[in-house]
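Let's take a walk through this one together. Have the sequence and the 3D view open side by side as we go.

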Amino acid sequence: MQFMLLFSRQGKLRLQKWYVPLSDKEKKKITRELVQTVLARKPKMCSFLEWRDLKIVYKRYASLYFCCAIEDQDNELITLEIIHRYVELLDKYFGSVCELDIIFNFEKAYFILDEFLLGGEAQETSKKNVLKAIEQADLLQEVSHHEACIAPSGNAFLTQHSSFLIHEPTLNSHILITRNMCS
Amino acid sequence: MSPSVRLQEMIRVIRSARTQGEERGLIQKECAAIRAQFRQSDNGARTHNLAKLLYVHMLGYPAHFGQMECVRLIASPRYSEKRIGYLGAMMLLDEKQDASLLITNSIKNDLSHSSQHVQSLALCTLACMGSAEMCRDLAPEIERLLGASDSYIKKKAILCAVHIVRKIPELGELYTPLACSLLSEKNHGVLHSAVVLITELCERNPDTLRQFRKTVPELVHIMKGLIMSGYSPEHNVAGISDPFLQVRILRLLRILGRCNDAASDAMNDLLAQVATNTDSSKTAGSAVLYETVLTVMDIRSESGLRVLAVNILGRFLLNNDRNIRYISMTSLQKIVQTDHTAVQRHRGTIVDCLKDQDASVKRRALELSLALVSATNIRTMMKELLVFLSTCPPELRAHTASGIFIAAERYAPSQRWHIDTILHVLITAGGDVRDETVPNLIKLITTASELHCYTVLKLYRALITDISQQSLVQVACWCIGEYGDLLLKGECDDIEPMQLTEDDVLDALETVLQSHMSSPASRAFALTATMKLSTRITNNVDRIRSIVSIYGSCIDVELQQRAVEYNALFKKYDHMRAAVLERMPVIDKSSPGDTLGDLTGEVTKDSSLSKPVPGGSTLPLEPASQAFDLLDLLGQTDTVPEASHAESAAAPDPAGPSTGRDLLDLLGGLETTVVPSVTVYEKGGVSLKLQCDSQTETAVTLTFTACNSTQNDITKFTLQAAVPKSIQLQMKAPSGSVLPAGGHSAITQTVVLSNPSKTNLKMRVRLSYSNQGMVCQDTVQIDSFPSPAWT
């Protein structure tokens, strides 16, 4: 995959992941043109189109367009499945995801994408494993952030020198509460 | 306070801005605050400041002042800060920025971090935006991680290696030894990544490819496991067990089996199994089947398997899902040349797809339909295509029209049908046909001598109905001029007779001359036609004289010149008028200037997949049409001056008497000079000469002439040519495929090379022919090309 774009029906960009090196200006130009092209398509049309020398695979979920650019040798139908898998991951994570979730928690959407795709290719084909990895990473983030907030007289578990490895479920309830507030 | 709230608050505020200006103001304020905070290095808020900046960046505002902050955050010991720092790096830094090199060291350290999540961040960033230098520096680290025991890190390291190989192909050697052993992994994530890595290595290095061929049995085994395994909740997608992995394995098998019989044999059974057992009711299954079909078509599979694959594509064509129909037509397009009969079976469905709503589906259906036209189905197909032409979207019209012409040219069952078809196209879409249609149609009409009456009556009718289609107008005017006498006779077997007076005909021509819709070329045609009628009609010659003299002072220089010349013909050269305006002889159809011929030669590129060149020539409009008209005046019949040369089929005799020849000399220069030609191949009595017709900065036109000096006729003579990747090649139709014995006549074929990057011209040509039942094939490489007769 060369890049993935998420944009609304009004053409506002919600997420952009580029796997090829391009200047900011080029990225903006491509985004603008592609968004225009895809938004001009009628609802019942084919999900594939040829644009410049790339194949574009797009699908609309509610008010968001998920658009991927793949190369000639890539399989378009499996790319549709990749898009669908990403949506399922978002849905599981946010609980019935909608566009607002992605707007207000865009960095989390990126984190999830980075656990699913790496360098433009799928890295994990099991939904369960991706979600587990993100959960662990989120937990780690809470731990380390909490560490940053509280003074050196912190909980025994959370010393300055703690390795960032997850200690299993015997975590401080305080941390569990902060985690629930944020997700 | 929860960390994200401040970010979310800012997002809410920005979204509530009612105008673009208000938004800009808010953002400027926020950015100023963020910049100030960056300078302070306030520990607690660093992550949300960067997050806010990334949001602003996504809206399209400049955020480069955040780059150093990303570098700082990546170096921080805290995971939360690293996480957002790396995200920022992937969004704000790309390999073109200098700051990207600064994070190389941090990445290196993090790759050896004790926490796998930190390692994962570093791997992800490297695979996303790692530049060539960064990759070179960190390649050994990645190699070490490929041996990690933890599958979580291993799969990421493998994909990182894929990125490195893409950036620096030579480093592939570093990862090749480890890649082999990765196929024995059980973890699907690792397996999937491993297959991607091996695919990448094999695509870049043919030696590696040969090495990995021995993994085919192992891959087959893994696939079998996937298909036969029962329901696995972890990897199941719509009844298919891990379609992502299946598709990747099939793709790797395709690369390994290409051009190799042993490998192809080893995977035959598996492919048949996948093709029959996969349930294609959902997209996942269709994806796997699609990949299977692509693989079957590309390797050396047995014919039964190929038929199975084509049938799968046929089934796809009937699928309700438009995406699948589109996919199947794309694949059928690739194989229509090689498996023509198999694809023909699905012709009905393809033709139905012409009526689909979606423009992309229509386009695919059109290309396939044109490829499927053959001598047996020409009448039915043409009906469908003509219906399509009248309803198709405007962007497809030109392509449809040219496709119809090519098909008609190749398979026309009768001349009358051919003329009717062309007329129909001109009437429906005359504005979209290419300019060379007009001379070609005229040529066709002159050859159909028994149909002259029919043709001219039909054209006349079309002309008086509608004079907006320029091509139609031009052809009609020409015919009326040529065959005006037949028109006035009015009777014809196949068509309803019309009683016309000379005035009616002259009225029609004058309407064209005076209409604002007529292009200058059309008016030129009309004027010439009017002039020609002066010898074919009896009563209204004075009217013609007056028309001609009026245009002697026309603003259009071309028209004026003609009118003055015709005037002179009336006054000073009246004795020659009859001879000059005599009926033109049949134009030689086999002249090399035949530009509408189909492209029969296949262009073979470096990859083994040969793509058929699309039907439809794109020769730029030559000044031939104007030259043609000038020649018209002289009764000369040589159509395209640039392509004719001494060795072509016998040059047509000028019809006029010796006085006509004197006029010829006046013009001079249009007759050909002998152009140097080079013999590039000579063997077994067959010789191939190459001649350069014209050469511009970026394009060369060549003509090949083949001659046979043996005692026997040579049949099925074809030429195929291959050129370096940066050059585009277009082969026109050969003049024939039979070389009679004794060198009586030759086959010529024109080739147009387009060379925008001005690389050295090199060409490899393969001749194949049948001599006394034996099929001979030979290849010759051409490195130097003769210069043209003129620049």
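What follows starts at the interface, then turns to a sheet and a couple of backbone oddities. Keep in mind throughout that this is a predicted model.

Start where the two chains meet. The contact draws on 71 residues from chain A and 77 residues from chain B. Between them, chain A and chain B bury about 6400 Å², and 57% of that sits on carbon and sulfur atoms. If that way of putting it seems roundabout, the accessible area lost when the parts come together is often how the size of an interface is given.

There's charge in the contact too: eight salt bridges are counted between chain A and chain B. One of the salt bridges pairs Lys128(A) with Glu234(B), with 3.9 Å between the closest N and O atoms; the cut-off is 4 Å, so this pair counts. On the chain A side, helix α5 (residues 127–149) supplies the largest share of what touches chain B, namely 14 residues. Polar contacts cross the interface as well, with 24 residue pairs found where both partners are at pLDDT 80 or more.

Now swing over to the sheet in chain B. Five strands make up an open sheet, in the order β3-β4-β5-β8-β7, and the pairing is antiparallel. At the edges of the sheet stand β3 (677–683) and β7 (728–731) of chain B; each has a single partner strand, so one side of each goes without a neighbour in the sheet. On average, neighbouring strands here are turned by 25° against each other, ignoring direction. In general, strands of a sheet pair through backbone hydrogen bonds, parallel or antiparallel.

Zoom in on one pairing. Strand β5 (residues 699–708) and strand β8 (residues 747–754) of chain B run antiparallel and are joined by eight bridges. To get your bearings, find Ala706(B), which stands opposite Ile747(B) in β8(B).

Last stop: the backbone. Most residues other than glycine have a negative phi, but chain B offers a couple of positive ones to look at. Ala238(B) has a phi of about 50° and lies in the loop between β1 (236–237) and β2 (240–241) of chain B. Is Ala238(B) buried, partly exposed or exposed? Its relative accessibility is 38%, so Ala238(B) counts as partly exposed.

Cys259(B) also has a positive phi, near 55°. Look for Cys259(B) in the loop between α14 (243–257) and α15 (261–277) of chain B. With a relative accessible area of 45%, Cys259(B) is partly exposed.

Key:
Residues are numbered from 1 along each chain as its sequence is written. Chains are lettered from A and ligands numbered from 1 in the order in which they are written. This is a predicted model: local features need pLDDT of at least 70, side-chain atom pairs count only at pLDDT 80 or more; totals for chains, interfaces and linings use all residues. Side-chain values use heavy atoms; hydrogens and water are left out. Two strands pair if DSSP finds at least two bridges between them. Helices (H or I, at least four residues) and strands (E, at least two) are DSSP runs, numbered from the N terminus. Axes are lines fitted to C-alpha atoms, for helices over the stretch in contact, and angles run from 0 to 180 degrees between N-to-C directions. Buried means under 20% relative accessible area, exposed over 50%, partly exposed in between (1.4 Å probe, protein chains only). Contact means heavy atoms within 4.5 Å. Buried area is the accessible area (1.4 Å probe) that two parts lose on being put together, summed over both. A salt bridge is a side-chain nitrogen of Lys or Arg within 4 Å of a carboxyl oxygen of Asp or Glu. A polar contact is a pair of N or O atoms within 3.5 Å; within protein, one must be able to donate a hydrogen and the other to accept it, and residues adjacent in sequence count only if both atoms are side-chain atoms.
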